[in-house]
Amino acid sequence: MSQELPPSRMDKLVAVKGMNDVLPPDSARWEWLEERVRTLMTRYAYSNIRTPIVEPTALFVRGTGESTDIVEKEMYSFEDKLNGESLTLRPENTPGVVRAAIEHNLTYGGGRRLYYMGPMFRHERPQRGRYRQFYQLGAEALGFPGPELDAELILLVHNLFADLGLRNVRVELNSLGLPEERQRHRQALIGYFSQHLEALDGEARRRLHSNPLRILDTKNPAMLSLVQGAPQLLDYLGDDSLLHFETVKTLLAACNVRWEINPRLVRGLDYYSHTVFEFATDELGAQGALCGGGRYDGLFEALGGRSTPAVGWGMGLERVLELLKTQGQDNVGPSLDVYAVIAEPSILPHAMSALQALRALGVSIQMNAAQSHGLGSMKSQFKKADASGARFALVFGVDEMQNKAVAVKSLRDGKGEQVVRSLTDLPDWALTLQSPPNLQPGK
Ligand code: ATP
Ligand code: MG
């Protein structure tokens with residue numbers, strides 16, 4: 001293996017292509033979103049699970065599927081230097097969650113509802129809404145065979161999007177039925193595509209016999225009309241599968257969720273069954289898929305566990321934030337109660353101990369700090385106080401300190417109003433602030 005030369009001291013190191021820093025103030029939008037997610041997951045009784053970012057490569061080869069884009073060309077795999085084992089940065093997290101469920105017997109004695117949030121890695125061509133490190137939120141219901149769980153998971157996403165204020169997101173549904181039913185459909189597909197060999201692109205030709213269902217999922221516009229004329233899986237479903245699908249639709253309708261059937265929505269892997277769904281928008285160009293999911297009753301067995309029905313979804317958080325921005329929600333910020341103006345360094349001990357006590361009561365405070373010597377003029381400190389977006393400035397001046405007091409100046413409602421309070425009164429004043437939650441939309 002060739003050893004790369006260390007960069008010279010003059011080289012500027014930059015992030016890996018397709019992997020982004022999340023910086024303030026944008027990071028506040030992420031925290032706001034994550035907060036909303038956690039609240040909602042609690043409402044649906046989903047518990048958090050955190051699995052490793054690195055897993056054995058074999059987990060994804062078996063769990064994501066050999067003939068998928070992910071395993072064929074998108075994985076970051078490397079050899080563990082110590083024992084030569086092939087490891088992979090997780091490209092998705094369902095296999096990891098199922099591996100953990102098997103390893104720790106999580107579904108013993110009942111089902112489990114779980115959710116995760118974290119980075120995933122895929123070696124794709126970076127573009128808007130498509131990155132090499134991106135964040136997924138996912139929910140998985142393990143050990144439940146019924147269609148009510150498929151519906152619950154779709155309702156969860158619907159509820160989250162409504163709560164965030166997202167508009168113009170459509171829900172697409174399809175059913176993959178059971179493996180036997182897909183087998184008959186598969187033969188019909190191979191027959192159909194074999195008659196149109198000249199219209200297939202290279203990828204489709206390769207998949208014709210290995211995984212013809214995946215051809216339906218093509219992103220090649222030249223093949224769209226061919227794919228639209230292909231035999232539809234829904235026509236091959238038996239009574240039980242149709243009933244499962246009908247029940248999902250009835251439950252969604254009962255909760256006023258609209259959907260459309262998309263016969264091209266397929267997951268070309270044997271362990272999928274019954275419901276598959278996607279949440280998508282037309283407002284993000286080609287990267288319009290926000291959330292994809294479905295039932296995967298065969299995955300536990302494929303990973304060496306006991307047969308366990310399961311259903312889940314994964315959502316791309318960059319795309320959700322991007323759509324929120326497109327729709328005008330882009331100024332979520334942390335709410336700041338107080339900016340502390342401090343006249344001179346000798347006041348710092350007195351001021352910082354007062355601020356410490358206020359923070360213990362839940363007040364959020366940004367203390368003035370100068371970039372050079374001293375603390376900066378009062379004028380420049382007040383300017384910074386205004387720019388901070390805080391509700392109040394607390395002014396620790398020389399006179400105030402001698403009187404064991406502080407001036408409280410309003411920066412928003414009744415702007416400019418100033419009241420001198422004794423330090424002993426400050427805790428009572430803090431209680432009147434009734435701090436709103438630390439993160440709120442807008443300022
Ligand atoms: P796409 O069709 O856009 O490639 P996918 O079918 O590969 O999506 P899934 O594996 O189902 O996507 O992942 C679930 C969600 O994760 C997607 O709906 C999307 O929002 C998001 N996602 C997938 N790949 C990326 C990526 N490279 N960058 C950012 N988000 C992504
Ligand atoms: Mg993809």
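Which polar backbone atom lies 2.8 Å from an oxygen atom of ligand 1? That atom belongs to Ala289. This is a predicted model, in which local features need pLDDT of at least 70, side-chain atom pairs count only at pLDDT 80 or more, and totals for chains, interfaces and linings use all residues. Residues are numbered from 1 along each chain as its sequence is written, ligands are numbered from 1 in the order in which they are written, and side-chain values use heavy atoms, without hydrogens and water.

The polar contacts (pairs of N or O atoms within 3.5 Å) of ligand 1 include the following.

| Partner of a ligand 1 oxygen atom | Distance |
|---|---|
| Gln136, side-chain N or O atom | 3.0 Å |
| Ala289, polar backbone atom | 2.8 Å |
| Gly316, polar backbone atom | 3.3 Å |

Taken alone, ligand 1 exposes 580 Å², of which the protein buries 87% (accessible areas by the Shrake-Rupley method with a 1.4 Å probe). The shell holds 15 residues, each with a heavy atom within 4 Å of the ligand. Strand 10 (289-295) gives the largest share of this shell, 3 residues. Strands are DSSP runs of E with at least two residues, numbered from the N terminus.

Strand 10 also belongs to an open, mixed sheet of 8 strands in the order 1-5-6-11-10-9-7-8; two strands pair if DSSP finds at least two bridges between them. Strand 1 (47-48) and strand 8 (260-261) are at the edges with a single partner strand each, so one side of each has no neighbour in the sheet. Strand 10 and strand 11 run antiparallel and are joined by 5 bridges. Gly293 stands opposite Trp313 in strand 11.

How values were computed. A polar contact is a pair of N or O atoms within 3.5 Å; within protein, one must be able to donate a hydrogen and the other to accept it, and residues adjacent in sequence count only if both atoms are side-chain atoms. Helices (H or I, at least four residues) and strands (E, at least two) are DSSP runs, numbered from the N terminus.
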